[in-house]
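Biologist: Please pick one spot in this model and take a close look at it for me. After that, I would love to hear how the rest of the chain fits around your account.

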Amino acid sequence: MSDPNLIDPKVFADEKQALQGGFRLDELDERVWSHDFFADRKSAVSFTLQGGQDRLHRLFLDLTVKAEMPLVCQRCIKPVPFELNDTCRIFLFADEESLDEAMLADDELEGMLLQDVLDVRSLVEDQILIALPYSPRHEDCGNSALDEVNRDKPNPFAVLAGLKK
Ligand SMILES: [Zn+2]
């Protein structure tokens with residue numbers, strides 16, 4: 001496999017392999033970069049993936065996703081800084097039955113079925129979408145909005161004075 005982001009999840013977890021890498025948002029799937037919230041589609045996202053096995057001999061992948069990506073403020077539609085730094089553990093199950101069983105026993109658990117080839121990109125994509133705030137906003141849009149108006153537009157009184165000349 002030449003693409004390092006394509007892994008065999010069973011081998012990866014079994015051998016406690018590790019992988020790190022990064023993408024720009026626009027290198028990911030359309031369902032990510034086309035999301036209305038992103039103010040800059042060139043934002044860089046980095047990840048680390050660590051395979052392992054827990055006490056119950058269940059295989060897992062620990063995924064950490066980090067990024068500093070400006071989002072679009074849902075109140076004033078100007079960029080608002082957003083820092084993503086999330087880790088999740090994804091358990092790997094050989095069949096649907098054991099996956100369902102584990103999910104029933106623990107509703108916090110994240111699990112997926114083993115597959116021969118797993119694209120790490122899709123894990124990172126899911127994690128980004130899950131981590132997005134419900135409605136990103138500045139704490140105080142008013143101030144920055146006023147700054148912008150004052151800088152971009154001439155003083156209305158100056159304009160009036162000009163008309164009178
Ligand atoms: Zn705002």
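**A loop residue and its surroundings**

Modeller: Happily! Lys16 sits in the loop that runs between α1 (9-14) and β2 (18-24). Please keep in mind that this is a predicted model. The backbone at Lys16 is what caught my eye: its phi is positive, about 50°, although the residue is not a glycine. With a relative accessibility of 51%, Lys16 counts as exposed, since that class begins over 50%.

Ile77 makes a good companion to it. Here too phi is positive, about 50°, in a residue that is not a glycine. Ile77 belongs to the loop between β5 (71-72) and β6 (79-80), and its relative accessible area of 68% makes it exposed.

That second loop brings us to the metal. The zinc ion takes its protein donors from Cys73 (SG), Cys76 (SG), His138 (ND1) and Cys141 (SG), which lie 2.0 to 2.3 Å from it. Written along the chain, the spacing of these donors is C-x2-C-x61-H-x2-C. What arrangement do the four donor atoms make around the zinc ion? They subtend angles of 101 to 121°, so the arrangement is tetrahedral. Cys73 and Cys76 are both buried, whereas Ile77 is exposed.

Now back to the elements on either side of Lys16. Both α1 and β2 reappear in the nonpolar interior. The largest nonpolar core has 37 residues, and those touching the most other members are Phe47, Leu49, Met69, Val124 and Ile128. Two or more residues of this core come from each of α1, β2, β3 (44-53), β4, β7 and α4. Phe47 gives a good view of the packing. Beyond its neighbours within four places in sequence, Phe47 is in contact with residues including Leu19, Gln20, Gly21, Gly22 and Phe23, as well as Leu63, Thr64, Val65, Val120 and Val124. Another core lies apart from this one; it has six residues, among them Phe91, Phe93, Leu99 and Leu109.

Charged pairs complete the tour. Side chains of opposite charge can pair when their charged atoms come close. The count of salt bridges comes to nine. One of them joins Asp3 and Arg121, with the closest N and O atoms 3.3 Å apart. Asp3 is in the segment before β1 (6-7) and Arg121 is in helix α4 (residues 120-131), so this pair ties together parts that are 118 residues apart in sequence. Both partners are partly exposed, Asp3 at 23% relative accessible area and Arg121 at 22%.

Asp26 and Arg24 form another salt bridge, 3.0 Å from N to O. Asp26 is partly exposed at 26% relative accessible area, and Arg24 is partly exposed at 34%.

The side chains of Asp62 and Arg89 also meet in a salt bridge, at 2.7 Å from N to O. Because Asp62 lies in strand β4 (residues 59-68) and Arg89 in strand β7 (residues 83-93), the pair ties together parts that are 27 residues apart in sequence. Arg89 is partly exposed, with a relative accessible area of 37%. Finally, Asp29, Arg31, Glu125 and Asp126 are joined into one network by salt bridges that share partners.

Notes
Residues numbered from 1 in each chain as written. Predicted model: local features only at pLDDT ≥ 70, side-chain atom pairs only at ≥ 80, totals over all residues. Heavy atoms only, no water. Donors = N, O, S within 2.8 Å, 3.2 Å for Na, K, Ca; no water. Tetrahedral: all angles 85-135°; square planar, octahedral: opposite > 155°, others 65-115°. Buried < 20%, exposed > 50% of the residue type's maximum accessible area, 1.4 Å probe, protein only. Salt bridge = Lys/Arg side-chain N within 4 Å of Asp/Glu carboxyl O. Helix = DSSP H or I, 4+ residues; strand = E, 2+ residues; numbered from the N terminus. Core = buried A, V, L, I, M, F, W, Y, C linked by side-chain atoms within 4.5 Å. Contact = heavy atoms within 4.5 Å.
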